[in-house]
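Biologist: Can you pull up the model? I have some questions about packing.

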Amino acid sequence: MKYIEELIRSMEYLAKDERTIFLGQSVKYSGNAIYNTLKSINDSKKIETPVFEEVQMGLSTGLALNGFIPITCYPRFDFLILACNQLVNHLDKMEYMSKGKMKPRVIIRTSIGAKEPLDGGPQHTSDYTEAFKKMLTNVKVVSLGEPEDIFPAFDEALNGKDFHVSMLIENGAFYNDK
Amino acid sequence: MNKQELINFELKVKEAYEAGKIKAPVHLSGNNEDQLIEIFKKVNEDDWVFTGWRNHYHALLHGFDPEELFSLIVEGRSMSINSSERRFYSSSIVAGSIPLALGVAQSIKLKEESNKVWCFIGDMTFETGVFHECYKYSRNFNLPLEFVVEDNNMSTNTPTDETWNKKSKIPDDVHYYKYERNFPHHGTGSWVLF
């Protein structure tokens with residue numbers, strides 16, 4: 001299957017779990033590539049958020065503290081930077097800060113913006129994968145390079161025992177190319 | 001826990017700190033026992049409590065066993081007193097706990113549970129953009145989230161009113177009390193040589 005088809009299959013799989021909830025900007029309304037992978041998901045499983053990236057990450061963590069599994073969507077890596085406080089200072093540290101008692105399961109989706117056929121420029125196409133790998137201790141950071149990587153990565157993000165937070169990084173260019 | 005028991009707990013921490021037994025910062029509460037005891041009469045056992053670095057009184061009033069809390073403090077965990085069993089979370093980043101409190105409040109509404117979330121913040125935190133985003137969102141969606149502003153007009157040792165030139169009006173649906181700290185921002189005022 002193609003890259004986008006694997007993403008759609010993975011989202012439909014996640015949506016079958018009653019604990020999951022999808023949130024972010026453009027999860028219900030068109031506006032970015034990630035939206036195109038969520039069209040088949042029922043709106044009752046989605047929260048269209050305002051643009052408040054830091055609050056969105058904390059909101060996602062709070063939902064997870066009380067039993068939800070949020071799939072929190074940041075359409076571009078450049079926007080995820082705004083959520084660093086909640087991601088690095090809170091979600092990543094929570095297990096340590098609670099002596100292992102608080103392990104909220106959160107799935108973070110983001111994407112490296114494509115440069116073809118349109119180049120989004122320096123604020124819309126950055127790739128911070130290596131920087132996040134260095135900053136984060138308890139988050140599994142996964143690059144989704146090939147279509148066959150996608151479903152197993154989301155399955156592990158939902159069910160894996162080694163990590164309770166996963167960051168899955170798509171590449172906008174592969175929506176067309178692979 | 002009554003007023004004198006709260007005061008005695010912090011004095012015990014002070015003594016341990018000054019004896020060099022706590023190898024981490026402590027942010028002691030004091031002078032706000034009456035106000036907190038009154039507020040915690042409204043906080044139910046199954047409610048969630050989110051607070052900051054000055055958290056010992058909140059933890060004790062939300063049911064932490066004093067011995068257990070004291071052990072955590074001696075271990076150096078005063079700035080991150082957390083418990084999933086007691087639904088208690090503290091963050092030592094200004095405004096850090098507010099979005100988390102908001103998310104738990106949203107989960108309670110989605111699950112149609114009947115408990116609430118209480119979020120204790122200082123007066124500098126009240127002025128942040130994060131607070132205002134979360135306050136607006138919680139009110140617009142009728143989320144079960146109560147805010148309490150604890151105003152000592154100090155952020156570390158910086159006066160909040162000087163930095164903003166004035167302070168914002170507290171909305172009617174936000175709990176508020178004013179007090180003067182009787183301990184420094186952190187430590188006890190004595191130089192401790194470890």
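Modeller: What follows covers the cores, one helix and one strand residue.
This is a predicted model, where local features need pLDDT of at least 70, side-chain atom pairs count only at pLDDT 80 or more, and totals for chains, interfaces and linings use all residues. Residues are numbered from 1 along each chain as its sequence is written, chains are lettered from A and ligands numbered from 1 in the order in which they are written, and side-chain values use heavy atoms, with hydrogens and water left out.

Biologist: How many residues does the largest nonpolar core have, and which have the most contacts inside it?
Modeller: It has 38 residues, and B:Phe50 and B:Val117 have the most contacts inside it. A nonpolar core here is a set of buried Ala, Val, Leu, Ile, Met, Phe, Trp, Tyr and Cys residues joined through side-chain atoms within 4.5 Å; buried means under 20% relative accessible area (1.4 Å probe, protein chains only).

Biologist: Where does the largest share of this core come from?
Modeller: Helix 5 of chain B, with seven residues. Helices are DSSP runs of H or I, at least four residues, and strands are E runs of at least two, numbered from the N terminus.

Biologist: Now helix 7 of chain B. Which residues are buried?
Modeller: B:Val130, B:Phe131, B:Cys134, B:Tyr135, B:Tyr137 and B:Ser138. Their cover includes strand 2 (46–48) and helix 2 (53–65) of chain A.

Biologist: And just after that helix, which residue takes a positive phi?
Modeller: B:Asn142, at about 50°.

Biologist: Different topic: is A:Ser166 buried or exposed?
Modeller: Buried, with a relative accessible area of 5%. A:Ser166 is in strand 6 (residues 165–171) of chain A.

Key
Buried means under 20% relative accessible area, exposed over 50%, partly exposed in between (1.4 Å probe, protein chains only). Contact means heavy atoms within 4.5 Å.
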